[in-house]
Amino acid sequence: MKCPRCQEGDLFETSSFSFQKPFDMPKECPNCGQSYMPAPGFYYGSMFISYIFMGWFCLAFIALLHWVLGWSTAASFALLILVCAVFFVWIFRMSRSIWIGFNVTYDPKTKEQLKN
Ligand SMILES: [Zn+2]
């Protein structure tokens, strides 16, 4: 969860499991100045990444608990809801990180180097 251009600056203001300001991102990378909101509604696409990931994850999780480990359906879904609640912020941030990584290419120059 670093800046996709310099891979130095943090993409989010707090760590993934702090649960303080979970959705806040700086306006730009403190190291290279890459904008973290390159266009209005930029992170709309990251919704599809988290949707696809969570869809497959939930199916696999329930299948594992119910059919492999023999848990009841209610217990399987209860644990799934708990796991989703705990990892919600991490999944949100990871999908945003993957989405901006698709759209910004790596360039190790810092803000000062880009000025010259
Ligand atoms: Zn950067």
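**Zinc site, aromatic pairs and helix packing**

Tyr43 is buried, with a relative accessible area of 6%. A residue counts as buried when this area is under 20%. The value comes from a predicted model, as do the other values in this passage. Phe42 is also buried, at 13% relative accessible area. Both residues return below, in the account of the aromatic rings.

The zinc ion comes next. Which residues coordinate the zinc ion? Cys3, Cys6, Cys29 and Cys32 do, each through its SG atom. The distances run from 2.2 to 2.4 Å. The angles among the 4 donor atoms span 104 to 115 degrees, and the site is tetrahedral. For comparison, the ideal angle for four tetrahedral donors is 109.5 degrees. Along the sequence, the donor residues follow the spacing C-x2-C-x22-C-x2-C. Cys6 and Cys29 both lie in the segment before helix H1, which covers residues 44-68. The two cysteines are 23 residues apart in sequence, so the pair ties together separate parts of the chain. Are Cys6 and Cys29 buried or exposed? Both are buried.

Pro4 lies in the segment before H1. With 11% relative accessibility, Pro4 counts as buried. The C-alpha atom of Pro4 is separated by 35 Å from that of Ala63. Along the chain, Pro4 and Ala63 are 59 residues apart.

Two residues of the segment before H1 have an unusual sign of phi. Most residues other than glycine have a negative phi. In Gln7, phi is positive, near 55 degrees. Gln7 is placed in the segment before H1. In Lys21, phi is positive too, near 45 degrees. Lys21 is likewise found in the segment before H1. The relative accessible area of Lys21 is 49%, so Lys21 is partly exposed.

Aromatic rings also pair up. A pair of aromatic rings is described by the distance of the centres and the angle of the planes. How many aromatic pairs does the structure hold? The structure holds 7. One of them joins Phe23 and Phe88, with 6.1 Å from centre to centre and 80 degrees between the planes. This pair is edge-to-face. Phe23 sits in the segment before H1, while Phe88 belongs to helix H2, residues 73-103. These positions are 65 residues apart in sequence, so the pair ties together distant parts of the chain. Phe23 is partly exposed, at 39% relative accessible area. Phe88 is partly exposed as well, at 44% relative accessibility. A second pair is formed by Phe42 and Tyr43. Its ring centres lie 4.8 Å apart, its planes meet at 85 degrees, and the pair is edge-to-face. Here the partners are buried: Phe42 has a relative accessible area of 13%, and Tyr43 has 6%. Phe23 and Phe88 also belong to one aromatic cluster together with Phe92.

The last feature is the packing of the helices. Two packed helices are described by the angle between their axes and the distance between the axes. How are H1 and H2 arranged? They pack at an angle of about 150 degrees, with their axes 8 Å apart. H1 is therefore roughly antiparallel to H2, because an angle over 145 degrees falls in that class. The crossing of H1 past H2 is right-handed.

Terms used: Residues numbered from 1 in each chain as written. Predicted model: local features only at pLDDT ≥ 70, side-chain atom pairs only at ≥ 80, totals over all residues. Heavy atoms only, no water. Donors = N, O, S within 2.8 Å, 3.2 Å for Na, K, Ca; no water. Tetrahedral: all angles 85-135°; square planar, octahedral: opposite > 155°, others 65-115°. Helix = DSSP H or I, 4+ residues; strand = E, 2+ residues; numbered from the N terminus. Buried < 20%, exposed > 50% of the residue type's maximum accessible area, 1.4 Å probe, protein only. Phe/Tyr/Trp six-rings, centres within 6.5 Å; stacked < 30°, edge-to-face > 60°. Axes fitted to C-alpha atoms, helices over the stretch in contact; angles between N-to-C directions. Parallel < 35°, antiparallel > 145°, perpendicular 65-115°, else oblique. Left-handed = near helix turned anticlockwise from the far one by under 90°.
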